[in-house]
Amino acid sequence: MPIKIAENVFWIGVFDWKLRVFHGIATPKGGTYNSYLVLGDEGALIDTVYEPFFEEYRQKIMGITDLGKVRHLIVNHAEPDHSSSIKKIIDINPEIKVHCTVRCKEFLEAMGVKGNFVVVKDGDTLNLGGKTLRFVEVPMLHWPETMWTFLEEDKVLFSCDMFGSQVISSTMVAEDVTDIEAHAKRYFALIFRPLSTMVLKGLEKCEKLAPSIICPSHGPVWRDVRRITDLYRRWSTSPERNKVLILYSSIWHDVEKMAKAIAEGVASTGAEVVLKDVEELSYNGWADLLAEGMEAKGIALGSLTILGGIFPQLLYATSLLRLVKAKGKLGLSFGAYGWGPGITRKLDDELRALEAPPFRNGIEVRFSPTERDLQACREAGRELGNKVMGVS
Ligand code: FEO
């Protein structure tokens, strides 16, 4: 069923209940592809949905108005989760005007879309008769062609992927989702944290528009605009908390024992600890790791030694963490070897690449840690925890 957002403004998106991973974001509660319909004297669709859901989408539109007579289609962003239904819409309604940025037109044409394009620029408006849409160019939020659309009379901002999340709420109201901030944070960490500078510029534009409602392309609608914009400001500037992320790979549990001992030491200082075996990435996607990495002031990396080097899955994880790196983090390395030492030197290089330089020598053991080794791990964890907590 369509959901009314404001007078003559409807959410007409679809729920993907089976979605479990989206761009590496774990989506245990499914996800959404949002599209909106604005009705003045003329009608306008804002974005479309992922093409496999087109028939459900078409029926939803037809429940409100005749798709063949909708005059305008606004394309905020060319990525296929929002644009892959455009060709089918044009098949039904060849006269529909496709409004988008010049770069977006170029992208859509490269994707094979032949339409009645209207290129728009920042500040341009479209008068639907009783409803006015203003276009706001926001390049790199998150693709070069991206724009927002602002409905002036109702102060509704259609913000594309920014302020999105991947979770289904049957009401499409963010406040109805108890853990909405965790979903929004995972989405932010993966898509927007690498673009923080642009996010801050976007927040300035958003503040000038002063929307009452934010309608993103995924997940529920924000009526408490301040809540999500404040979160974006914090996550873009200083997301760090008194948290240590301990990330490790371990086949025979030796490195895992060291990781747990470090975790005990960190926890004894009152700092928050997140312990992750890289195996977990296979189940929970990347985005949880990125969200934790974004918030961690300390990162401890541990690995067994395989053919003289770091376990490949851990390298995969650190390459992801580089997306959310920020200066000022602290690093600690630990690991186990059988044939020859040196694993922590390699881990220290990874920590430097994450802008989390090691604050002390790493801890490495041959085969299995002794009780003395584990005590050394606890002490290193306590030292790291104290630094994270600001206690010298
Ligand atoms: Fe939801 Fe960048 O597409």
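# Exercises on a predicted model

At 3% relative accessibility, Tyr 33 counts as buried. This value, like the others below, comes from a predicted model.

## Exercise 1: Two tyrosines

Task: Classify the ring pair of Tyr 33 and Tyr 50, and say which parts of the chain this pair ties together.

Solution.

Step 1. Start with the total. The structure holds 13 aromatic pairs.

Step 2. Take the geometry. The ring centres of Tyr 33 and Tyr 50 are 5.6 Å apart, and the planes stand at 55°, so the pair is tilted. The cut-offs settle this: stacked needs under 30 degrees, edge-to-face over 60.

Step 3. Place the residues. Tyr 33 belongs to strand β6 (residues 31–33), while Tyr 50 sits in the loop between β8 (43–46) and α1 (54–62). The pair therefore ties together parts that are 17 residues apart in sequence.

Step 4. Check the surroundings. Tyr 50 has a relative accessible area of 35%, so Tyr 50 is partly exposed. Buried would need under 20%.

## Exercise 2: A pair between helices

Task: Find the helices that the pair of Phe 192 and Tyr 232 ties together.

Solution.

Step 1. Phe 192 and Tyr 232 form a tilted pair, with 6.0 Å from centre to centre and 55° between the planes.

Step 2. Phe 192 lies in helix α5 (residues 180–192) and Tyr 232 in helix α7 (residues 225–237). The pair thus ties together parts 40 residues apart in sequence.

Step 3. Both Phe 192 and Tyr 232 are buried.

Step 4. Widen the view. Ring pairs link Phe 192 and Tyr 232 with Phe 163, Phe 188 and Trp 235 into a cluster.

## Exercise 3: An enclosed strand

Task: Explain why strand β14 is largely enclosed, and find its partner strands.

Solution.

Step 1. Strand β14 covers residues 147–151, and 5 of its 5 residues are buried, so β14 is largely enclosed by the rest of the structure.

Step 2. Sort the side chains. In a regular strand they alternate between the two faces of the sheet. Met 147, Thr 149 and Leu 151 point one way from β14; Trp 148 and Phe 150 point the other way.

Step 3. Pair β14 with β13 (residues 132–137). The two strands run antiparallel and are joined by 5 bridges. Here Val 136 stands opposite Trp 148.

Step 4. Pair β14 with β15 (residues 156–160). These strands also run antiparallel, with 3 bridges between them. Thr 149 stands opposite Phe 158.

Step 5. Look at the turn. The hairpin of β14 and β15 has 4 residues between the strands, and Lys 155 takes a positive phi near 55°.

## Exercise 4: Where the domains meet

Task: Describe the contact between domain 1 and domain 2.

Solution.

Step 1. Set the bounds. Domain 1 spans 3–237 and domain 2 spans 241–389. Their centres, taken over C-alpha atoms, are 39 Å apart.

Step 2. Count the residues. Domain 1 gives 12 residues to the contact and domain 2 gives 14.

Step 3. Give the area. About 1,100 Å² is buried between the domains, and carbon and sulfur atoms give 68% of this area.

Step 4. Add the charges. The interface of the domains has 2 salt bridges. Asp 288 forms a salt bridge with Arg 186, with the closest N and O atoms 3.2 Å apart.

Step 5. Zoom in on Met 294. This residue lies in helix α10 (residues 287–295). Its relative accessible area is 1%, so Met 294 is buried. Met 294 touches several residues distant by more than four places in sequence, among them Lys 185, Phe 188, Trp 235 and Val 324.

Conventions
Residues are numbered from 1 along each chain as its sequence is written. This is a predicted model: local features need pLDDT of at least 70, side-chain atom pairs count only at pLDDT 80 or more; totals for chains, interfaces and linings use all residues. Side-chain values use heavy atoms; hydrogens and water are left out. Rings of Phe, Tyr and Trp (its six-membered ring) pair if their centres lie within 6.5 Å; planes under 30 degrees apart count as stacked, over 60 as edge-to-face and the rest as tilted. Buried means under 20% relative accessible area, exposed over 50%, partly exposed in between (1.4 Å probe, protein chains only). Two strands pair if DSSP finds at least two bridges between them. Domain bounds come from an automatic or database domain assignment. Contact means heavy atoms within 4.5 Å. Buried area is the accessible area (1.4 Å probe) that two parts lose on being put together, summed over both. A salt bridge is a side-chain nitrogen of Lys or Arg within 4 Å of a carboxyl oxygen of Asp or Glu.
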